[in-house]
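Biologist: Could you give me a close look at one hairpin in this model, and then walk me outwards from there? I'd like to know what pairs with what, and what the rest of the chain looks like around it.

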Amino acid sequence: MKLGRFFYANKTFFGFIDGSSVKVLKSLDPLKISKESFTLDELKILPPVKPSKIVCVGLNYKDHAKELGLELPKNPVLFLKPPTCVIGHNDSIIYPQHMSSHVDYEGELAVVIKKECRNVKPQEANEYILGYTCANDVTARDLQPKNGQWTVAKSFDTFLPLGPIITDEIDPNNSPIKTYINGTIVQNSNTSNFIFTVQELVSYISSIMTLKPFDVIITGTPSGIGSIKKGDVVEVEIDGIGKLTNYVK
């Protein structure tokens with residue numbers, strides 16, 4: 001299943017993707033769309049979901065922990081990003097130059113929740129996952145130590161690109177992940193380096209808070225994080241999902 005969220009003729013709809021064509025998914029389409037299928041060129045690709053919350057994992061790659069000289073955590077380190085951060089494929093990341101002079105990219109795998117879950121066991125987690133997409137946990141790095149916590153650094157509008165599609169056709173715990181800046185690879189890892197698997201994260205987070213349909217969990221970033229500047233093109237690529245492309249303005 002490859003699922004996207006699209007805009008056409010002032011209407012938003014979900015569609016199944018097959019190559020370069022999109023078939024309207026009627027079960028998630030309360031509006032009447034004039035056609036049953038489209039080419040991708042006819043549509044604007046929107047963020048694949050509008051989550052009620054985004055739960056983020058602060059350190060979840062062994063290579064990133066080694067890069068920072070940190071011990072592996074015994075439990076996931078969690079924080080939240082607001083839904084107003086979310087933008088889609090080909091949208092612009094707005095540099096908050098009035099407050100920050102050091103903004104970083106963080107390429108990540110995102111998990112999209114399918115149905116409400118609470119106190120889910122790891123072996124049950126897959127039943128509650130709709131699929132996976134690419135994410136970029138954009139961070140105003142210079143504001144992190146100043147505030148003593150991460151909310152300000154992580155929460156600017158446009159600081160969470162998601163997309164381009166959702167798929168359940170990958171192994172979330174063994175997928176290559178890369179980030180590019182202006183075509184040059186700056187992060188190159190694999191989710192097999194996770195400290196906590198996707199199923200363990202869903203279980204742990206759902207033991208703390210209820211996860212709702214279309215909520216998003218972003219699973220941490222690998223080694224190689226670095227800064228972006230105005231004019232940069234940032235791409236996050238995960239095999240089987242595709243490339244999430246955004247422009248820094």
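Modeller: Happy to. Let's settle one term before we start: two strands pair if DSSP finds at least two bridges between them. Keep in mind, too, that this is a predicted model.

The hairpin I'd pick is the one built from β15 and β16. Strand β15 covers residues 176–181, strand β16 covers residues 184–190, and the two run antiparallel with six bridges joining them. If you want a rung to look for, find Y180, which sits opposite I185 in β16. Now follow the chain round the turn. Two residues lie between the strands, and N182 has a positive phi near 50 degrees. While you're looking at strands, here's a rule of thumb: in a regular strand, side chains alternate between the two faces of the sheet.

There's another hairpin to hold up against that one, back at the start of the chain. β1 and β2 are antiparallel and joined by six bridges. The turn has two residues between the strands, and here A9 has the positive phi, about 50 degrees. For a rung, try R5, with F14 facing it in β2.

β1 has other partners to visit. Strand β5 (residues 44–46) pairs with β1 in the antiparallel sense, over three bridges, and there the bridge partner of F7 is K44. Then there's β14, residues 160–167, which is antiparallel to β1 (residues 2–8) and tied to it by two bridges. K2 in that pairing stands opposite T167.

A small sheet is worth a stop as well. Its three strands come in the order β13-β10-β18, it is open, and its pairing is antiparallel. Which strands stand at the edges? They are β13 (139–140) and β18 (226–228); each has a single partner strand, so one side of each has no neighbour in the sheet. Between β13 and strand β10 (residues 103–105) there are two bridges, and V103 has A140 as its bridge partner.

Next, the inside. In soluble globular proteins, nonpolar side chains tend to be buried together. The largest nonpolar core here has 34 residues, and the members touching the most others are F13, L109, Y132, V198, I217 and I241. At least two core residues come from each of β2 (11–18), β3 (21–24), β11 (107–113), β12 (129–136), α4 (198–206) and β19 (233–238). So β2 turns up again, as a hairpin partner of β1 and as a supplier of this core. Apart from that core lies another, with 33 residues, including Y105, F159, I228 and V248.

Now drop into the loop between β11 and β12, where you'll find E116. Buried or exposed, or something in between? E116 has a relative accessible area of 48%, so it counts as partly exposed. Leaving aside residues up to four places away in sequence, E116 touches Y128, T210, L211, K212 and P213. The K212 contact has a polar side to it: the two side chains make a polar contact at 2.9 Å. As for T210, it is 94 residues from E116 in sequence, yet their C-alpha atoms are 6.9 Å apart.

And the cysteines? Searching the whole structure turns up zero disulfides. For C56, the nearest cysteine sulfur is that of C85, 8.1 Å away. C56 is buried, because its relative accessibility is 0%. C117 is buried too, at 2%, and its sulfur can't be bonded because the closest cysteine sulfur, in C56, is 16 Å off.

Finally, zoom out. The chain has four helices and 20 strands. Its radius of gyration is 17 Å, close to the 18 Å from the globule rule for 249 residues, so the chain is as compact as a globular protein of that length. The C-alpha atoms fill a box of roughly 55 × 45 × 30 Å along the principal axes. Of the 249 residues, 55% count as buried. Take the contacts between residues at least 6 apart in sequence, and 71% of them join residues at least 24 apart. The E116 and T210 pair, 94 residues apart in sequence, gives you a concrete long-range example to click on.

Notes:
Residues numbered from 1 in each chain as written. Predicted model: local features only at pLDDT ≥ 70, side-chain atom pairs only at ≥ 80, totals over all residues. Heavy atoms only, no water. Core = buried A, V, L, I, M, F, W, Y, C linked by side-chain atoms within 4.5 Å. Buried < 20%, exposed > 50% of the residue type's maximum accessible area, 1.4 Å probe, protein only. Contact = heavy atoms within 4.5 Å. Polar contact = N/O pair within 3.5 Å; in protein donor to acceptor, adjacent residues only side chain to side chain. Disulfide = S-S within 2.5 Å. Rg over C-alpha atoms; globule rule 2.2 N^0.38 Å.
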